[in-house]
Amino acid sequence: MANVVVVGAQWGDEGKGKIVDWLSERADVIARFQGGHNAGHTLVIDGEVFKLSLLPSGIVRGGKLSVIGNGVVLDPWHLVKEIAGLRGQGVTITPETLMIAENTPLILPIHGELDRAREAQISVAKIGTTGRGIGPAYEDKVGRRSVRVADLADEATLELRVDRALVHHDALRRGLGLDPVDREALLAQLREIAPSVLEYAAPVWKVLNEKRKAGKRILFEGAQGALLDIDFGTYPFVTSSNVIAGQAATGTGIGPGSIDFVLGIVKAYTTRVGEGPFPAELHDGDGQRLGERGHEFGTVTGRKRRCGWFDAVLVRQTCATSGVNGIAFTKLDVLDGFETLKICVGYDLDGTRLEYLPTAADQQARCTPIYEEMPGWSESTEGARSWADLPAEAIKYVRRVEELIDCPVALLSTSPEREDTILVTDPFAD
Ligand code: IMP
């Protein structure tokens, strides 16, 4: 049986929610392996809208096991809120349907405060984070001073972990002009929330390996996008986790050999939220039109997304670093009605043509896009369910994208509705 990893192949917001939901219907287990509640996945099922940011998308479907892996950073208060919201929409969530890895690091209120305080103070190269404490929580993980899920079960361990974290945080807060942490209040908050998290705690690595051996289908649900990867993204304007497909293994405790198919989600144009380089960004009417037609506002922060033409150079790069076997191409309908479409096929750096985005920040800033133009189409592609429903120019656009990124289309999505999908290759096929 196949296990599938889904990753965003741009800067996030590629339309993963719908594709993951579509795939999760065929999966037995759906696992998140990185990020936290900085993600925003919107699912539309039978006309009802579900907004998820921490929980795996499979949670809204009955009979599935949803898993939060150790690669995630978990805000327990947000967890409780998101569960309550979904229950209010009639979703059943129990320890049988949701498991959280015992070794998952927690996001504490001090992480959010630090994230926001830093962003407010940094005058040089502000990141434009979601302000949810993601970066500081990952810093504490690698700094070996996290409070992890399992620590909530034992009072002495919990105090030890908190004290270890506070040695670092109090020093940092002094420097930022923040009050020292109220240790007793933090411990009281953690004691209060502990049972609501511990009821879902499990040795996720073990459960997943057993499921795999039993021939169950596992879907690994990535959040954000590969260009926000801490190693391969547009550093430092990135998130603080590895986003690329390899993280599915380390972020859950399953061997890399258990991954059979990597599906990259790719939007028919490019967007990014927050600061950082974006060579194909548009500041004109075309950019505005993409944003309006594509409803490009952040699910988590409500921020307006920056928009630009499709950048084949970047997607070729992310398909390579994630080992993408096929892409799900989304939001093609947003391009309906453009007379001419542009695709970024290379960069000009001081007169030299580059076929990849260089790492050095100054070079990235000097890269100007080299565009190829293609004729657009006037017909609507919204809701197309077969190639025959698409205008010839739209098919040519898709074929050219495949060529340029060196990766085939496995799925084509033509509206937020699940049925409006053209299936070329089933990622779960044996
Ligand atoms: P952080 O993950 O909150 O630290 O934010 C770091 C960067 O990642 C910022 O540019 C955010 O806008 C971006 N980011 C984080 N999560 C998402 C997401 O789910 N979609 C798009 N961008 C994101």
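**Salt bridges, cysteines and a ligand site**

E210 and K206 sit four residues apart in helix 7 (residues 204-213), about one turn of the helix. Helices here are DSSP runs of H or I with at least four residues, strands are E runs of at least two, and both are numbered from the N terminus. The two side chains form a salt bridge, with the closest N and O atoms 3.1 Å apart. The term means a side-chain nitrogen of Lys or Arg within 4 Å of a carboxyl oxygen of Asp or Glu. Side chains of opposite charge can pair when their charged atoms come close.

This is a predicted model, in which local features need pLDDT of at least 70 and side-chain atom pairs count only at pLDDT 80 or more, while totals for chains, interfaces and linings use all residues. Residues are numbered from 1 along each chain as its sequence is written, and side-chain values use heavy atoms, with hydrogens and water left out.

How open is the helix 7 pair to its surroundings? E210 is partly exposed, at 44% relative accessible area. K206 is also partly exposed, at 38%. The cut-offs are under 20% for buried and over 50% for exposed, with partly exposed in between, using a 1.4 Å probe and protein chains only.

Now take K331 and E296. Their salt bridge has its closest N and O atoms 3.1 Å apart. This pair links distant parts of the chain, 35 residues apart. K331 is in the loop between strand 13 (326-330) and strand 14 (340-349). E296 is in the loop between helix 9 (285-293) and strand 11 (306-308). K331 is partly exposed at 22%, whereas E296 is buried at 1%.

Salt bridges that share partners also build a network. It joins E155, E159, D163, R183, E184 and R191. Elsewhere, E14 pairs with K16, and their closest N and O atoms are 2.9 Å apart. Both E14 and K16 are buried. The structure holds 28 salt bridges.

Next, the ligand. It is surrounded by 16 residues, each with a heavy atom within 4 Å of it. The closest are D13, N38, T130, T239 and R303. By class, the shell has six nonpolar, eight polar and two charged residues. Here Ala, Val, Leu, Ile, Met, Phe, Trp, Tyr, Cys and Pro count as nonpolar, Asp, Glu, Lys and Arg as charged, and the others, Gly among them, as polar.

Several side chains put polar atoms beside the ligand. An N or O atom in the N38 side chain is 2.9 Å from a ligand oxygen. For R303, a polar side-chain atom lies 3.0 Å from an oxygen atom of the ligand. For Q224, the partner is a ligand nitrogen, at 3.3 Å. The protein covers 95% of the 470 Å² of accessible area that the ligand has on its own. Those areas come from the Shrake-Rupley method with a 1.4 Å probe.

What about the cysteines? A disulfide is a covalent bond between the sulfur atoms of two cysteines. The test is a pair of cysteine sulfur atoms within 2.5 Å. By this rule the count is zero. C307 is in no disulfide, and the nearest cysteine sulfur, that of C344, is 16 Å away. C307 is buried, at 4% relative accessibility. C344 is buried too, at 0%. Why does C344 form no bond? Its sulfur is 9.0 Å from the closest cysteine sulfur, in C367, which is too far.

How values were computed: Polar contact = N/O pair within 3.5 Å; in protein donor to acceptor, adjacent residues only side chain to side chain.
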